[in-house]
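The following exercises concern side-chain accessibility and charge pairing. Please work through each task before reading its solution.

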Amino acid sequence: MGRGKVQLKRIEDKSSRQVTFSKRKGGLMKKARELAVLCDVEVALMIFSDRGRLYEFSSAESLGKILERYRTHVEEEIAVRRSSELEKTRHADCPGLQMGARPLEMIQRYLEEQNIQEKTLIELTHLEIELDVILRQTRFRKEKQLREEKTLMEEEMAAMMSEDHVLRLELEPNDARAPPLQETLLNLF
């Protein structure tokens, strides 16, 4: 006999609510820990009780490290969106900025076209922001490619270790069945 479906609404009885909170918090922490171990991922979990008490779990060295990574990721996504919007508006104004060109060449052509010496402080600030966006996009793409390469190398390493294990198993039975060289020589005489 199974449980009935739970209605998702606030539990009115304070004691029952506290018991449910405690049990579900423990279950959620356990699931977060299992997810981190089984899937080799970084997990951060923060829970604030109704009294303002903080409960936290982090699979990494520190929760702050994961939060910093999250903040950087969100900033990069925002920068990518802004950059694509800026590129749409700027593309008509700057024919030197073409898709597929290398970033340094793009920047150099752009700077040559803009004549930096004649820019105002506001225009230089906007230019700095655009360059920062390009730099963030480049870093984001680089980190993504590094993660993909790492995953690929780990998979190749696992396949090689598996193949090595199979080869060792194939060689072991042959060594166990073959009589030592001394016994073979003694049997000849």
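**Exercise 1.** Is Arg71 buried, partly exposed or exposed?

*Solution.* The model is predicted, so local features require pLDDT of at least 70 and side-chain atom pairs pLDDT 80 or more, while totals for chains, interfaces and linings use all residues. Residues are numbered from 1 along each chain as its sequence is written, and side-chain values use heavy atoms, without hydrogens and water. Relative accessible area under 20% means buried, over 50% exposed, and in between partly exposed (1.4 Å probe, protein chains only). Arg71 has a value of 38% and is therefore partly exposed.

**Exercise 2.** Identify the salt bridge between Arg71 and Glu68 and place both residues in the secondary structure.

*Solution.* A salt bridge requires a side-chain nitrogen of Lys or Arg within 4 Å of a carboxyl oxygen of Asp or Glu. The Arg71 and Glu68 side chains satisfy this at 2.4 Å, N to O. Both residues belong to helix H2 (residues 63–91), three residues apart, about one turn of the helix; helices are DSSP runs of H or I with at least four residues, numbered from the N terminus. Glu68 is partly exposed at 39%.

**Exercise 3.** Which residues share a network with Arg136?

*Solution.* Arg136 pairs with Asp132, with the closest N and O atoms 3.4 Å apart. These two residues are four apart in helix H4 (residues 121–177), about one helical turn. Through shared partners, salt bridges join Arg136 with Glu68, Arg71, Glu75 and Asp132 in one network.
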